[in-house]
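The exercises below are to be worked through with the sequence and the coordinates at hand. Each task is followed by a solution that proceeds step by step.

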Amino acid sequence: MLEILKAILFGIVEGITEWLPISSTGHMILLNELLPLGVSDEFYSMFEVVIQLGAIMAVVVLFWQKIWPFQWKDRTQPVIKKDIFIMWFQIVAACIPAAVVGLLFDDVLEKYLYNYVVVALSLIVFGVAFIVVENRNRGVRPVVTSLRQMTYKTAFIIGLFQLIAAVFPGTSRSGATIVGALMIGVSRTVAAEFTFFLAIPVMLGASLLKLVKYGFAFTGQEVWILLTGMLVAFVVSLFVLKFLMDYIKKHDFKVFGYYRIALGALVLLFFLIFR
């Protein structure tokens, strides 16, 4: 029962931090240090990735009309949304850099870069980046103000920023892609939505890779821990996504930059003291 309660807490943290550009990895590392799950290292390595599937399903539910190209004009006349198809092709283009690096170097990156120093420094560096980019963009009109204005070039550049997050844990996938999008003139709303949609194939692919490596050899307790974490992450994500989309209509991302810097410093301090 205690491990299920821990899984609920992990799900809450995942549901909040996956979408806010503050690094779910950084928070998961801290949480697992303070309140570790009573599972094997192999299971936890898989759990911290696959739990994100719950968060991804919240995007599918909330944005279904914007991501599903087959719709109905009325009950008898189907409509194919070509702009949604184009958006998905752009998402595929954006996924290529991270997918290639992930498939080829996943084990190497996890071995050498998944540590508290890299996570903390990534938190701080991209926290500074948020503040600098938002200050630079103050008063500047965005070039891309709707998903229909996205180009393959813009999508691919955003994908390169996602690659940074894939290589350096703590960068935050959403944080990296949003910073990249803002830098090339994409509005906050479009940057956030494209980041959410980009997460769907990325997280599905990463989760499948982890499940295959783990081998689906679950105990009964592990199944309940994983399902509980995913369900809680899904429910919490529903609220967080709605909050974030309302928030960025009136505010910039600088507050998340300051938070990242503070969290990065906390991670460094925590491990310097207790390790």
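**Exercise 1.** Which element gives the largest share of the nonpolar patch, and how many residues come from it?

*Solution.* The model is a predicted one. Begin with the members of the patch on the surface, which are Val92, Ile96, Val100, Leu103, Leu104, Phe105, Val108, Tyr112, Phe156 and Leu160, together offering about 970 Å² of accessible area. Next, assign these residues to elements: those that give two or more residues to the patch are α6 (82-113) and α8 (152-167). The largest share, eight residues, comes from α6.

**Exercise 2.** Decide whether Leu160 is buried, partly exposed or exposed.

*Solution.* First place the residue, which lies in helix α8. Then take its relative accessible area, 37%; because buried means under 20% and exposed means over 50%, with partly exposed in between, Leu160 is classed as partly exposed.

**Exercise 3.** Is Thr177 buried or exposed, and which residues does Thr177 touch, not counting residues up to four places away in sequence?

*Solution.* Locate Thr177 in helix α9, which spans residues 173-183. Its relative accessibility is 0%, so Thr177 counts as buried. Not counting residues up to four places away in sequence, Thr177 touches Ile158, Phe161, Gln162, Thr195 and Leu198.

**Exercise 4.** Which backbone oxygens lie 2.9 Å and 3.1 Å from a polar atom of the side chain of Thr177?

*Solution.* At 2.9 Å from a polar side-chain atom of Thr177 lies the backbone oxygen of Arg173, while the backbone oxygen of Ser174 is found at 3.1 Å from a polar atom of the Thr177 side chain.

Definitions and conventions:
Residues are numbered from 1 along each chain as its sequence is written. This is a predicted model: local features need pLDDT of at least 70, side-chain atom pairs count only at pLDDT 80 or more; totals for chains, interfaces and linings use all residues. Side-chain values use heavy atoms; hydrogens and water are left out. Patches are made of residues with over 30% relative accessible area and no salt bridge: like charges are joined within 9 Å, nonpolar side chains (Val, Leu, Ile, Met, Phe, Trp, Tyr) within 5 Å. Accessible areas come from the Shrake-Rupley method with a 1.4 Å probe; for residues, only the protein chains shown count as cover. A salt bridge is a side-chain nitrogen of Lys or Arg within 4 Å of a carboxyl oxygen of Asp or Glu. Helices (H or I, at least four residues) and strands (E, at least two) are DSSP runs, numbered from the N terminus. Buried means under 20% relative accessible area, exposed over 50%, partly exposed in between (1.4 Å probe, protein chains only). A polar contact is a pair of N or O atoms within 3.5 Å; within protein, one must be able to donate a hydrogen and the other to accept it, and residues adjacent in sequence count only if both atoms are side-chain atoms. Contact means heavy atoms within 4.5 Å.
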